[in-house]
Amino acid sequence: MQWLQTKGFDAEKYKAMVRSHQERDDPTGWFDAIYSSAEGDHNAVFWADLAPNPYLVEWLEKHAVSSAGKKAIAIGCGVGDDAEVMAKYGYEVTAFDIAPSAISLCRNRYKETDVSYLVADLFDYPEEWSRSFDLVYECNTIQVLPGKYRKQARDAMISLMAENAEILVSCRSRNSGEQEDMIPLPLDKTEIDGFVRTGLIEKSFAAYDDDQDPQVPHFWAWYRRE
Ligand SMILES: C[S@@+](CC[C@H](N)C(=O)[O-])C[C@H]1O[C@@H](n2cnc3c(N)ncnc32)[C@H](O)[C@@H]1O
């Protein structure tokens, strides 16, 4: 997620909009406004890196050798860079977002894609998705949700995992007890460890600072259902 001002976005206005939705318990009602304000140009979405997550690419490079015939899902796929790279490494990819304008941007951007881009809500996804994906990919969705919705999102993500499936989680991070009013609200170690508390096995975990200026601390984690 790039810094808000980089694409002419007014950070204070953005945060006020998010807060007002959160205060009326409408935590997902504002996402489409971000994508529709891009007016059809994926380059104008302020939080889009427009390149696949390098940690995802590295993971795929090492572990996707046996991906043929395997199903992957990208949660809150935004403008699609990560979904496309998973397809490039051989997965049959479903990518969904609650924002219809995000999915329109993806469909226009990748006219020849093998990825199936769909509008769907993580909290009410199609029944047939339950426990049916070999690879679940989460990047920056939990951090844009408030309060109880964060655990619900985590549990919904896990419920997409088939037996022996993997889940990759990428997010901003913070020290516990710090930055508690931030938007987006980064995950602390206790929160991300919730994936392990549900019974998943942690295969790898990294805490790192990204290459933005100023640098932003992040977590990258890989868990498996065994
Ligand atoms: C900060 S953006 C991250 C987008 C993309 N994953 C990335 O890293 O660039 C969070 C995304 O999650 C989507 N989202 C939020 N809540 C969702 C939900 N309940 N179901 C599906 N998508 C959701 C938003 O529309 C938005 O595209």
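**Figure 1. Residues around the ligand in the predicted model.** In this predicted model, the ligand is surrounded by 20 residues, of which Phe31, Gly76, Gly78, Ile98 and Leu122 come nearest. By residue class, the shell around the ligand consists of 13 nonpolar, five polar and two charged residues.

**Figure 2. Leu122, one of the residues that come nearest to the ligand.** Leu122 is placed in the loop that runs between strand S3 (116-119) and strand S4 (133-139). Because 23 C-beta neighbours lie inside 10 Å, Leu122 counts as buried. Once its neighbours within four places in sequence are left aside, the contacts of Leu122 are Ile75, Ala153 and Ala156. Asp82, by comparison, stands 40 residues from Leu122 in sequence, and the C-alpha atoms of the two are 17 Å apart in space.

**Figure 3. The open sheet of seven strands.** The strands follow the order S3-S2-S1-S4-S5-S7-S6, and their pairing is mixed. S3 and strand S6 (201-209) stand at the edges with a single partner strand each, so one side of each is left without a neighbour in the sheet. On average, and with direction ignored, neighbouring strands of this sheet are turned by 15° against each other. As background to the views that follow, strands of a sheet pair through backbone hydrogen bonds, in either a parallel or an antiparallel manner.

**Figure 4. Strands S1, S2 and S3, with the helices that pack on the sheet.** Strand S2 (residues 92-97) runs parallel to S3, to which it is joined by four bridges, and within this pair Phe96 stands opposite Leu118 in S3. Helix H5 (residues 100-109) packs on the sheet and touches both S2 and S3, with its direction making about 160° with that of S3. Helix H6 (residues 148-159) likewise packs on the sheet, where it touches strand S1 (71-75), S4 and strand S5 (161-172), and its direction makes about 145° with that of S5. S1 and S2 also run parallel, and five bridges join them; in S2, Phe96 is the bridge partner of Ile75. S1 is mostly covered, since four of its five residues are buried.

**Figure 5. The largest nonpolar core.** In soluble globular proteins, nonpolar side chains tend to be buried together. The largest nonpolar core in this model holds 58 residues, and those touching the most other members are Ala74, Met86, Val93, Ala95, Val136, Tyr137 and Ile167. S5 provides the largest share of this core, six residues. Around Ala74, when residues up to four places away in sequence are not counted, the residues touched are Asp82, Ala83, Met86, Val93, Ala95 and Tyr137.

**Figure 6. Two cis peptide bonds, each followed into its loop.** Most residues other than glycine have a negative phi, and most peptide bonds are trans. A cis peptide bond joins Ile183 to Pro184, with omega about -10°, and Pro184 belongs to the loop between S5 and helix H7 (189-192). Asp213 and Pro214 are likewise joined by a cis peptide bond, with omega about 0°; here Pro214 has its place in the loop between S6 and strand S7 (217-224).

**Figure 7. Asp25 and Asn164, residues other than glycine with a positive phi.** Asp25 has a phi near 55° and lies in the loop between helix H1 (11-23) and helix H2 (31-36). With 11 C-beta neighbours inside 10 Å, Asp25 counts as exposed. Asn164, whose phi is near 60°, is found instead in strand S5. Asn164 is exposed as well, because 9 other C-beta atoms lie within 10 Å.

**Figure 8. Glu202 in strand S6.** Glu202 lies in S6, a strand that stands at an edge of the sheet with a single partner strand. With 13 other C-beta atoms within 10 Å, Glu202 is partly exposed. Apart from residues up to four places away in sequence, Glu202 touches Val196, Ala221 and Tyr223. Arg225 is 23 residues from Glu202 along the chain, and a separation of 9.2 Å lies between their C-alpha atoms.

Conventions:
Residues numbered from 1 in each chain as written. Predicted model: local features only at pLDDT ≥ 70, side-chain atom pairs only at ≥ 80, totals over all residues. Near = placed C-beta within 6 Å. Nonpolar A, V, L, I, M, F, W, Y, C, P; charged D, E, K, R; others polar. Helix = DSSP H or I, 4+ residues; strand = E, 2+ residues; numbered from the N terminus. Buried ≥ 20, exposed ≤ 12 C-beta atoms within 10 Å, placed from the backbone. Contact = placed C-beta atoms within 7 Å. Pairing = 2+ DSSP bridges. Axes fitted to C-alpha atoms, helices over the stretch in contact; angles between N-to-C directions. Core = buried A, V, L, I, M, F, W, Y, C linked by C-beta atoms within 7 Å.
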